[in-house]
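Trainee: Could you walk me through this structure, please?
Mentor: Certainly; here it is.

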Amino acid sequence: TVRLRMVMTHARRWTTTNSERARLVVLLVGLAAFLAKLLIAMGTYGTQDIGTWMGFAQGVAQRGPVGIYGIDFGSLNGTLYNHPPLVGYYLEVLNKLSQWGIPLRVTIRALSSAADVASGVLVFEILRRRGSLLRSTLSGIAVAASPVLFLISGYHGQTDPLFVMLVLLGSFLIIDKRMALLGGVALGLAIGVKLVPIVVLPPIAVYLVRH
């Protein structure tokens with residue numbers, strides 16, 4: 001019995017050590033991708049969406065995160081400001097960073113790129129509990145170094161990576177960590193960035209009812 005306990009303890013330590021190493025690999029790949037995306041953000045203007053976000057940020061600076069809804073942006077690439085309220089406060093933060101000399105075209109892409117790092121680690125953590133360590137590691141690396149995310153986060157200039165990260169975080173906290181309050185806050189913030197994440201609420205509710 002003592003020998004069996006020693007073997008089990010050693011096995012748990014070995015598994016934990018390997019998991020920590022794998023997590024570190026995913027994190028390092030994510031950070032390397034983040035630096036590459038940051039260089040892209042600093043060296044390029046991005047798509048026309050960057051100009052649109054600059055217009056929205058100027059609207060927030062003039063009217064505030066609530067008053068912006070009263071501004072007609074019809075002449076701004078024919079775009080309407082139809083984002084949830086949280087985005088207005090997000091743009092306030094970007095405006096503050098702009099005052100410190102960091103242009104919005106960089107910050108909006110840098111923050112989305114940072115969210116990709118967290119998403120890669122979260123994918124690893126979620127799959128590690130449901131499959132092999134190799135599969136979860138490769139999946140986390142695939143997300144962290146995804147060429148698609150280089151375009152979306154590093155070049156395009158979008159907030160989608162933020163709500164994706166928050167959806168993964170919220171689901172992980174609720175289902176795997178049993179931290180319903182914090183998970184709910186994360187999902188609420190995700191919906192505050194875009195309304196799209198609302199589609200994940202019914203599947204999570206069904207899972208919780210069944211389990």
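**A helix, a core and a loop residue**

Mentor: At 58% relative accessibility, Arg-178 counts as exposed, because exposed means over 50%, buried under 20% and partly exposed in between (1.4 Å probe, protein chains only). This is a predicted model: local features need pLDDT of at least 70, side-chain atom pairs count only at pLDDT 80 or more, and totals for chains, interfaces and linings use all residues. Residues are numbered from 1 along each chain as its sequence is written, and side-chain values use heavy atoms, with hydrogens and water left out.

Trainee: Where is Arg-178 found?
Mentor: Arg-178 lies in the loop between α7 (160–176) and α8 (180–193); helices are DSSP runs (H or I, at least four residues), numbered from the N terminus. Arg-178 is not a glycine, yet its phi is positive, about 55°. Most residues other than glycine have a negative phi.

Trainee: Turning to α7, is it largely enclosed or exposed, and why?
Mentor: It is largely enclosed by the rest of the structure, because 12 of its 17 residues are buried. Among them are Pro-161, Phe-163 and Ile-175.

Trainee: What covers those buried residues?
Mentor: The cover includes α3, α4, α6 (147–156), α8 and α9 (201–210).

Trainee: Which residues have the most contacts inside the largest nonpolar core?
Mentor: They are Trp-53, Phe-56, Tyr-81, Leu-91, Leu-94 and Ile-108, in a core of 26 residues. Such a core is a set of buried Ala, Val, Leu, Ile, Met, Phe, Trp, Tyr and Cys residues joined through side-chain atoms within 4.5 Å. α7 gives the most to this core, with six residues.

Technical notes. Helices (H or I, at least four residues) and strands (E, at least two) are DSSP runs, numbered from the N terminus. Contact means heavy atoms within 4.5 Å.
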